[in-house]
Amino acid sequence: MTPTAGLEEGSWAATLAPRLAQFAAVARHEHVTRAARRLGMPQSTLSRSMARLEADLGVALFARHGRTVSLTAAGRAFLATVERALYEVERAAETVRADADPAAGKVAFGFLHTMGSETVPELIRAFRADHPRVRFQLVQNYGEAMIERLRAGDLDLCLTSPVPDEPDLVARRLDEQKLRLVVPEDHPLAVRKRIRLAEAAAELFVTLEPGYGLRRITDALCAEAGFSPKVAFEGEDPETLRGLVAAGLGVALLPPPAVPRPGVVELAVTAPRAVREIGVAWLDGHPDTPPVAAFKRFLLSRRGQLLHR
């Protein structure tokens with residue numbers, strides 16, 4: 001049985017859940033009246049609830065001795081599991097309450113690998129100047145995978161490119177980043193400072209794998225320049241691609257590196273306009289906890305100032 005199936009109408013979980021805390025209280029106090037007082041409910045109501053619990057299970061959980069009760073062997077076995085279940089419920093409740101705490105809650109934030117070395121650390125540092133106790137669960141991935149995790153509820157927000165345009169998402173453009181044609185330092189083009197992308201039509205390209213936003217942008221820009229890139233190598237990390245370029249295995253369209261990479265030269269692309277838009281996305285209609293709402297407002301306030309120039 002799946003976890004959600006246990007909550008369906010007619011299931012044991014749906015039948016028994018409201019009475020488990022009552023059962024545990026009677027078992028701990030070994031006295032229905034004292035347990036009822038502790039629970040803030042009439043003794044007669046609690047007695048009827050325990051009788052219905054035993055009837056539903058078809059098992060005697062208590063041996064009754066006048067005003068007191070004691071657990072049967074079945075009751076002791078049932079109590080051990082019930083207490084574990086109640087503990088897990090309590091822990092789950094405390095976790096979600098802690099994650100939603102305005103001052104010290106949690107934000108599940110996804111972002112592109114190329115944002116990880118400089119942009120995201122700077123964003124979090126600036127945000128935590130006013131929200132020093134907010135916690136972050138950080139996830140680095142490519143765009144499509146982050147969108148899937150948004151939809152699954154694993155992420156609250158993601159910083160991605162291209163900016164998605166899908167009916168179940170809300171996305172806001174924050175900034176744009178120039179892309180450069182990266183060539184080996186001994187390449188004939190390395191003496192140049194700028195280039196029209198059409199001049200690289202005959203080159204071998206190293207690119208990210210299909211499904212990555214930067215790969216889609218590369219293919220689109222090359223198409224706009226009038227050619228389809230001849231792909232020699234595909235990878236998952238832009239800095240790995242820079243290494244392949246440095247080794248003389250091709251050229252690449254990449255955003256600027258956080259730290260200059262030896263062995264390559266980066267040329268400004270004059271035509272077509274080679275940029276990628278960076279935006280923040282979240283699931284439409286998904287309610288925000290206070291810390292998520294605060295970080296969302298902070299990101300939107302950084303429009304045009306997200307990236308170092």
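**Close-up views of a predicted model**

The largest cavity has a volume of about 110 Å³. This is a predicted model, where local features need pLDDT of at least 70, side-chain atom pairs count only at pLDDT 80 or more, and totals for chains, interfaces and linings use all residues. Residues are numbered from 1 along each chain as its sequence is written, and side-chain values use heavy atoms, with hydrogens and water left out.

**View 1. Here is the largest cavity and what lines it.** A cavity is a set of points on a 1 Å grid over the protein atoms alone where a 1.4 Å probe fits but cannot get out, and lining residues have an atom within 4 Å of a point. Grid points are joined across faces, edges and corners, and the volume is the space filled by probe spheres set on the points. Which residues lie nearest the centre of the largest cavity? They are L112, H113, L208, Y212 and R276, out of 13 lining residues. Sorted by class, the lining has 6 nonpolar, 5 polar and 2 charged residues. (Ala, Val, Leu, Ile, Met, Phe, Trp, Tyr, Cys and Pro count as nonpolar, Asp, Glu, Lys and Arg as charged, and the others, Gly among them, as polar.)

**View 2. The structure holds 2 cavities of 30 Å³ or more, and this is the second largest.** Its volume is about 30 Å³. The residues around the second largest cavity include V206, T207, L214, R215 and L253. Two or more lining residues come from each of β9 (204-208), α7 (213-224) and β11. Helices (H or I, at least four residues) and strands (E, at least two) are DSSP runs, numbered from the N terminus. L208 turns up in this lining and also lies by the centre of the largest cavity, among the nearest residues there.

**View 3. Five strands make an open sheet here: 5 strands in the order β4-β3-β5-β13-β6, with mixed pairing.** Strands count as paired if DSSP finds at least two bridges between them. Why do β4 (135-140) and β6 (169-178) each have one side without a neighbour in the sheet? Both stand at the edges with a single partner strand, so one side of each is left free of a neighbour. From one strand to the next, the twist averages 20 degrees. Inside the sheet, β3 (residues 106-111) and β5 (residues 157-160) pair in the parallel sense over 3 bridges, and G110 sits opposite C158 in β5.

**View 4. Now look at two helices on that sheet, α5 and α9.** Helix α5 (residues 119-128) lies across β3, β4 and β5, running at about 165 degrees to β4. Axes are lines fitted to C-alpha atoms, for helices over the stretch in contact, and angles run from 0 to 180 degrees between N-to-C directions; contact means heavy atoms within 4.5 Å. Helix α9 (residues 290-301) touches β3, β4, β5, β6 and β13 (275-283), and its direction makes about 40 degrees with that of β3.

**View 5. This open sheet has 4 strands, in the order β8-β12-β7-β11.** Its edge strands are β8 (194-196) and β11 (252-254), each pairing on one side only. β7 (residues 180-184) is antiparallel to β11 over 3 bridges, with V182 opposite A252. β7 also pairs with β12 (residues 264-271) in the antiparallel sense, over 5 bridges, and V183 faces V265 there. β8 and β12 pair in the parallel sense over 3 bridges.

Methods: On a 1 Å grid over the protein atoms alone, a cavity is a set of points where a 1.4 Å probe fits but cannot get out, and a pocket is an open set with protein on both sides within 12 Å along at least five of seven lines; lining residues have an atom within 4 Å of a point.
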